[in-house]
Amino acid sequence: MHIAVVTLFPTMIEAVTGHGIVTRAVNNGLLRVEGVNPRDFTRDVHKTVDDRPFGGGPGMVMKIEPLRDATIAAREAVEKVTGKRPRVLYMSPQGPVLTQQRAQELAMEEGLVLIAGRYEGIDERFIEAYVDEELSIGDYVLSGGELAAMVVIDAVTRLLPGALGDADSAKQDSFSGEFEGLLDCPHYTRPENFEGRGVPPVLMSGNHAAIRRWRLMQALGRTWQRRPDLFAQRSAKGLAKNEQQLLDEYIGGLDAKRSEP
Ligand SMILES: C[S@@+](CC[C@H](N)C(=O)[O-])C[C@H]1O[C@@H](n2cnc3c(N)ncnc32)[C@H](O)[C@@H]1O
């Protein structure tokens, strides 16, 4: 996958490729990330990339021509490698919020162009003419789209075939694989006793079917308890009979704990 990020701060983007799984994906040739700076496409001596908003008001708006030229260059750079015109995504608090499902869809693309805005944002006409979709990383406002682009790059990279050391890890994450639409189950590692707290005995049993059952019960229970919104979406699709039984068991366990003296 080839991702070009249109940004006034390309060194920020380099940070995401400098660590962990993303670095490995780059080193293994699964991913290439490059920054394209609109400042390099300015034509005035001051290399101006912002301008005052029409209609007045506080703040500045990103100038449209350097942004357009940088986006075209980014699109061409990706197309040269993939042979396909990439989707152009504008990182924006006004887009739909990134979900694991959207990350999975984006991971199927061979190339992407991500636009990181700055200042008060970018000229609406640029969005109309050059952006395929807007994408938010949450209902809050960042100073720039770089962190959002880095979030997309990280979430997408771990889904590229071969990016994770153990291909099953991603399947066990929240929202994925057998936990589709659910939060992940709790995890434990050594020591067996930490400040008087033990590990659920089933995890030490070596009984893989029982461990799978317990993990699914925790995933269902946690989602029911912590994210009623997600749980409602998941249960709207219909819970399997064994899932309903596991949830009832989880809730029964909570009730029993509550009534302990
Ligand atoms: C200060 S923000 C501009 C926000 C804009 N005035 C608004 O309220 O929609 C500057 C840039 O940060 C990025 N940004 C801010 N919040 C974001 C979010 N939640 N998700 C993705 N990008 C975001 C966008 O690229 C935006 O152009």
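In which loop is the place of Pro 191? The tour below comes to that residue in due course, after the overall layout and the sheet. The model on display is a predicted one.

**The two domains.** Begin by colouring residues 2-157 as domain 1 and residues 168-258 as domain 2. The C-alpha centres of domain 1 and domain 2 are 37 Å apart.

**The sheet.** Next, select strands β1, β2, β5, β6 and β7. These five strands form an open sheet in the order β2-β1-β6-β5-β7, and their pairing is parallel. At the edges are β2 (32-36) and β7 (133-135), each of which pairs on one side only. From one strand to the next, the twist averages 25°.

Within this sheet, select β1 (residues 2-6) together with β6 (residues 111-116). Five bridges join this pair in the parallel sense. To inspect one of the partnerships, display His 2, whose bridge partner in β6 is Gly 111.

**Helices across the sheet.** Now add helix α3, residues 64-82. Helix α3 lies across β1, β2, β5 (87-91) and β6, and its direction is at about 170° to β1. Then add helix α6, residues 146-157, which lies across β1, β2, β5, β6 and β7. Relative to β6, helix α6 runs at about 155°.

**A backbone detail.** Select Lys 47 in the loop between β2 and β3 (50-51). Although Lys 47 is not a glycine, its phi is positive, at about 55°.

**The ligand.** Move to the ligand and display the 20 residues around it. Which of them come nearest? They are Met 91, Pro 93, Gly 117, Gly 145 and Ala 148. By class, the shell around the ligand consists of nine nonpolar, nine polar and two charged residues.

**The cis peptide bond.** Turn next to Pro 191, which is found in the loop between α7 (168-172) and α8. The peptide bond that joins Arg 190 and Pro 191 is cis, with omega about 5°.

**A pair of helices.** Finally, select helix α8 (residues 208-226) and helix α10 (residues 241-258). Their axes are 9 Å apart, and the two helices pack at an angle of about 70°. Because of this angle, α8 is roughly perpendicular to α10. To view the contact itself, show the side chains on both helices. From α8 come Arg 213, Leu 216, Met 217, Leu 220, Gly 221 and Trp 224, and they meet Glu 243, Leu 246, Leu 247, Glu 249 and Tyr 250 of α10. Sorted by class, the contact of α8 with α10 holds seven nonpolar residues, one polar residue and three charged residues.

Methods: Residues are numbered from 1 along each chain as its sequence is written. This is a predicted model: local features need pLDDT of at least 70, side-chain atom pairs count only at pLDDT 80 or more; totals for chains, interfaces and linings use all residues. A residue is near a molecule or strand if its C-beta atom, placed from the backbone, lies within 6 Å of it. Ala, Val, Leu, Ile, Met, Phe, Trp, Tyr, Cys and Pro count as nonpolar, Asp, Glu, Lys and Arg as charged, and the others, Gly among them, as polar. Domain bounds come from an automatic or database domain assignment. Axes are lines fitted to C-alpha atoms, for helices over the stretch in contact, and angles run from 0 to 180 degrees between N-to-C directions. Helices (H or I, at least four residues) and strands (E, at least two) are DSSP runs, numbered from the N terminus. Angles under 35 degrees count as roughly parallel, over 145 as roughly antiparallel, 65 to 115 as roughly perpendicular and the rest as oblique. Two residues are in contact if their C-beta atoms, placed from the backbone, lie within 7 Å. Two strands pair if DSSP finds at least two bridges between them.
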